[in-house]
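This note sets out some points on the model for a colleague at the bench. Please read the points alongside the sequence and the structure.

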Amino acid sequence: MSYSSLTRDTEKKSFSLRSAFGKAAAIVALAATVAFYGLGFNIGHAYYQQWQDNQAAVTQTYEQPRTENLPWVAAGATLAVSLSAGFTGIALGKKRDSYGGYSSGYSSSSSSNDGFFWGYMMGSGNNSGGSSGSWGSSSSSNDKGGAAAAIVIVGAVALAASASVVTYKAMKANFGNG
């Protein structure tokens with residue numbers, strides 16, 4: 001067996017189930033992330049509209065709030081599918097190196113987490129001033145649902161961003177040039 005025939009054999013890209021499942025998982029993650037965008041937008045929009053309705057209402061009406069019967073289960077399911085398929089795609093997209101180990105197929109230099117995001121989202125531990133009302137009671141609060149709308153919208157954006165990052169890494173690991 002000559003050196004040239006050996007290099008031709010190693011240069012050929014063979015079909016593998018690992019590669020096929022990795023690519024399928026990355027595509028499922030992409031589809032679920034896109035679906036989550038739509039569902040998250042609908043939920044966030046409903047909370048925003050409820051807040052606007054509460055701002056405009058002069059008297060208390062007993063109409064059904066816009067925030068009932070929202071697709072929470074569907075949104076949670078698509079987020080779970082997006083993240084699990086994305087992580088599966090990342091794991092299956094890892095390339096086997098010449099030493100028998102695995103390399104990631106993507107650079108992780110930008111994935112440092114210094115805790116800033118979660119500290120910002122959760123607030124500081126010492127709330128000395130703050131309000132004493134509960135999150136769900138808009139009758140004792142002056143914001144008329146604005147805080148709930150902000151929490152839901154920011155949460156949906158943060159979850160969509162995390163699903164997007166996982167999906168991007170899965171796509172890059174399986175379809176990137178590596």
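1. Ile-151 lies in helix 5. The model is a predicted one, and in it Ile-151 counts as partly exposed because its relative accessibility of 41% falls between the cut-offs of 20% and 50%. The C-alpha atoms of Ile-151 and Tyr-47 are 9.6 Å apart in space, although the two residues are 104 apart in sequence.

2. Is Ala-149 buried or exposed? Ala-149 also has its place in helix 5, and with a relative accessible area of 3% this residue is buried, since the cut-off for burial is under 20%. Beyond its neighbours within four places in sequence, Ala-149 makes contact with Tyr-47, Tyr-48 and Trp-51. Between Ala-149 and Gln-52 the C-alpha distance is 9.9 Å, with 97 residues separating the pair in sequence.

3. Helix 5 as a whole deserves a remark on its length. The helix has 30 residues, and at 1.5 Å a residue these should span 44 Å; the C-alpha atoms at its ends are 42 Å apart, which agrees with that expectation. Its buried residues are Gly-146, Ala-149, Val-152, Ala-156, Ala-160, Ala-163, Val-166, Thr-167, Lys-169, Ala-170, Ala-173 and Asn-174. In reading such a list, it is useful to recall that an α-helix has 3.6 residues a turn, so residues three or four places apart point the same way.

4. Which residues make up the largest nonpolar core? This core has 12 residues in all: Phe-36, Leu-39, Ile-43, Ala-46, Tyr-47, Leu-70, Ala-75, Leu-79, Ala-149, Val-152, Ala-160 and Ala-163. Two or more residues come from each of helix 2 (17-56), helix 3 (72-92) and helix 5 (146-175). Helix 2 makes the greatest contribution to the core, giving five residues.

5. Ala-29 belongs to helix 2 and is buried, its relative accessible area being 0%. Leaving out neighbours within four places in sequence, the contacts of Ala-29 are with Ser-82, Ala-85, Gly-86 and Thr-167. For Ala-29 and Thr-167 the C-alpha separation is 5.7 Å, while their positions lie 138 residues apart along the chain. Thr-167 is itself among the buried residues of helix 5.

6. Leu-17, likewise in helix 2, presents the opposite case to Ala-29: Leu-17 is exposed, with a relative accessible area of 57%, whereas Ala-29 is buried. Together with Phe-15 and Phe-21, Leu-17 makes a nonpolar surface patch of about 400 Å².

7. Where is Asn-69 placed? Asn-69 sits in the loop between helix 2 and helix 3. Its relative accessible area is 70%, so Asn-69 counts as exposed, the cut-off being over 50%. The backbone here merits inspection: Asn-69 has a positive phi of about 60°, although the residue is not a glycine.

8. Some totals complete the note. The protein's secondary structure comprises five helices and two strands, which follow one another from the N terminus in the order α-α-α-β-β-α-α. Of the 178 residues, 21% count as buried. The protein exposes about 12,500 Å², of which 60% is supplied by carbon and sulfur atoms. Among contacts between residues at least 6 apart in sequence, 84% join residues at least 24 apart. The contact of Ala-29 with Thr-167, at 138 residues along the chain, is one of this kind.

Conventions. Residues numbered from 1 in each chain as written. Predicted model: local features only at pLDDT ≥ 70, side-chain atom pairs only at ≥ 80, totals over all residues. Heavy atoms only, no water. Core = buried A, V, L, I, M, F, W, Y, C linked by side-chain atoms within 4.5 Å. Buried < 20%, exposed > 50% of the residue type's maximum accessible area, 1.4 Å probe, protein only. Helix = DSSP H or I, 4+ residues; strand = E, 2+ residues; numbered from the N terminus. Contact = heavy atoms within 4.5 Å. Expected span 1.5 Å × (residues − 1). Patch = residues over 30% accessible without salt bridge, like charges linked within 9 Å, V, L, I, M, F, W, Y side chains within 5 Å. Areas by Shrake-Rupley, 256 points an atom, 1.4 Å probe, with all protein chains shown as cover. Salt bridge = Lys/Arg side-chain N within 4 Å of Asp/Glu carboxyl O.
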